[in-house]
Amino acid sequence: METHDAGHITRQERRIVRLKLITETMLRDELKGHFPEAYHVPDDVLMTPAALEYLSFNKVKVLRAATGRKPSAAARPSAPAAATSTRYVDAITGATYDEKPENMTHLVNNRLVLKTNARIVLRGRLDDLQSQVVLTQAEILDSSGRQWLADDLQSTLALLRELMRCEVLDETYVPRDIIGLAPAELRAQSHDPLTFFGVKAFTLPEAHHDRDFLRLNVLRTQARMAEIAAVEAFTTSEGLAQPEMVQALNRLSSAYHILMCRVLSGYYESR
């Protein structure tokens, strides 16, 4: 990436001045994994919160400069007194706080957002689903003793923990097998349970059904809610920022449906 030379504006600056807005997608396309020590942005150009967090996570300083001029020594905020004393920064507005407001929480590092922010809502959904999985495992082992089913649920718990880690660190999720099935297999078996399990699609839960079947249905619905939260959190004007994560949550709900079909078919008793 270009750096400033005395007396002229870089091509990067001219391009940004025209755009007036820098997004995370633009940064990913421009930097392609090669991160400079500093990224120069004119004062009148906005950066999305995701773009700022992307640079921050990769230890790239954002240097502001007056449009059309090389930043002077005074304009380079490498260590200004105000910034040094500021403990928290609003990731949306740029406002600073010495103490964290009660209605805000950490997005990344010292950058804060409202607790109603879509990404924080998603984290809550992922956290809630993890707690539901662990509780379901305990109930299954205590009541029906289906160890293989509890082990399958452990696979979904590992997925949820990886999704949480990727979301917090703003990393791209790498697809993995769930309950021993690849994403395409999950979709196929969930869409055609009659062929794979001899169970008609979709068997609506009723009070007389196996208790594990009913517990799994709760997890399936919670996974759907987490997927909706992910779509809300990652949909931008340019498209979906984390399509792998959204797809993983879609396949997760399919996995829970497959486990429901396995219970009805007697799959775990045969093992």
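This briefing looks at helix packing, nonpolar cores and one short helix in the structure above. The model is a predicted one. A good place to begin is helix H10 (residues 243–265), which packs with helix H6 (residues 147–169) and gives the most residues to the largest nonpolar core.

**H6 and H10**
- The axes of H6 and H10 lie 11 Å apart, and the two helices pack at an angle of about 170°.
- Angles over 145 degrees count as roughly antiparallel, so that is how H6 and H10 run relative to each other.
- On the H6 side, the contact includes Leu149, Leu153, Thr156 and Leu160, while H10 brings residues including Met245, Leu252, Tyr256 and Arg262.
- By type, the residues of this contact comprise 13 nonpolar, one polar and three charged.

**Nonpolar cores**
- In the largest nonpolar core there are 42 residues, and Leu252 and Tyr256 have the most contacts inside it.
- At least two residues of this core come from each of helix H5 (118–143), H6, helix H9 (211–234) and H10, with H10 giving 12.
- Beyond its neighbours within four places in sequence, Tyr256 touches Val133, Leu153, Thr156, Leu160, Leu216, Leu219, Arg220 and Ala223.
- Another core, of 12 residues, lies apart from the largest one; among its members are Leu27, Val45, Leu52 and Leu55.

**The two faces of H7**
- Helix H7 (residues 183–191) has Leu186, Gln189 and Ser190 buried.
- These three span an arc of only 100° around the axis, so they sit on the same side of H7.
- The buried residues of H7 pack against helix H8 (193–197) and H10.
- Ala184 and His191 are exposed, on the face of H7 turned away from its buried side.

Key. Residues numbered from 1 in each chain as written. Predicted model: local features only at pLDDT ≥ 70, side-chain atom pairs only at ≥ 80, totals over all residues. Heavy atoms only, no water. Axes fitted to C-alpha atoms, helices over the stretch in contact; angles between N-to-C directions. Helix = DSSP H or I, 4+ residues; strand = E, 2+ residues; numbered from the N terminus. Parallel < 35°, antiparallel > 145°, perpendicular 65-115°, else oblique. Contact = heavy atoms within 4.5 Å. Nonpolar A, V, L, I, M, F, W, Y, C, P; charged D, E, K, R; others polar. Core = buried A, V, L, I, M, F, W, Y, C linked by side-chain atoms within 4.5 Å. Buried < 20%, exposed > 50% of the residue type's maximum accessible area, 1.4 Å probe, protein only. Arc of directions from axis to C-beta.
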